[in-house]
Amino acid sequence: LSDTSVMIAEGEVLELTNDQDPTINEDIYLKVIKYKTASLFSAACEVGAKVTSSSKEKIGALRTFGSNFGISFQLIDDAIDYSSSSLTLGKNIGDDFKEGKVTLPIILAYLRSNNNEKKFWIKTIEHLNQDKNDLKTAVEIINKYNCIEDTIERAKHFANIAKDSLGVFQDTIHKKNLINLVNSGLSRLS
């Protein structure tokens, strides 16, 4: 748990270092997610196995499960912010945008944008110079380049890794519940 606390702190520093920078690449963003969300999910899954003196194989499987589930969960959360209503999300759509928070949909949109659209991202995300219609424009650009769909595809990839990591366990209600948990994480956009 102390190692996880260190990783979360390092992730926070990495995120702050790249704050409001739409030009960061996907690898940096995934590293932030791994340090923050994934390490927390991983520790939560691993600690229970360690306390029960499970085998190294099962401890490792739960660590892998938690890490990949955490990445998938965060990516879906990123997609929700640009594709959901406040009823589904529990917060206002576009909160990440308004804060200049760079998430995968923004990274993908910036990389795929033309020169005028890139200027828009610099103005609204890097300089936080936003007008009342800028969120609508951001969502239009994100949708134009299928950034939500691609974020969801990446989330599904990590969700599948999480579910596959449970292959070392017998088919029990507990395994089924973990798989259902991953599936429910993916279905938050539905």
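Here are a few exercises on ring contacts in the structure above, each with a worked solution. This is a predicted model, in which local features need pLDDT of at least 70 and side-chain atom pairs count only at pLDDT 80 or more, while totals for chains, interfaces and linings use all residues. Residues are numbered from 1 along each chain as its sequence is written, and side-chain values use heavy atoms, leaving out hydrogens and water.

**Exercise 1.** Classify the ring pair of Phe41 and Phe73.

Start with the rule: rings of Phe, Tyr and Trp (its six-membered ring) pair if their centres lie within 6.5 Å; planes under 30 degrees apart are stacked, over 60 edge-to-face, and the rest tilted. Here the centres are 5.5 Å apart and the planes stand at 45°, so the pair of Phe41 and Phe73 is tilted. Next, place the partners: Phe41 lies in helix H2 and Phe73 in helix H3 (residues 56–80), 32 residues apart. Finally, ring pairs join Phe41, Phe65, Phe69 and Phe73 into a cluster.

**Exercise 2.** Do the same for Phe97 and Phe120, then decide whether each is buried or exposed.

The ring centres are 6.4 Å apart with planes at 15°, so this pair is stacked. For burial, the cut-offs are under 20% relative accessible area for buried, over 50% for exposed, and partly exposed in between (1.4 Å probe, protein chains only). Phe97, at 1%, is buried; Phe120, at 12%, is buried too.

**Exercise 3.** Which ring lies under the charged end of Arg188?

Apply the test: NZ of Lys or CZ of Arg must be within 6 Å of the ring centre and within 35 degrees of the ring normal. The ring is that of Phe73, with its centre 3.8 Å from the charged end of Arg188.

Definitions and conventions. Helix = DSSP H or I, 4+ residues; strand = E, 2+ residues; numbered from the N terminus.
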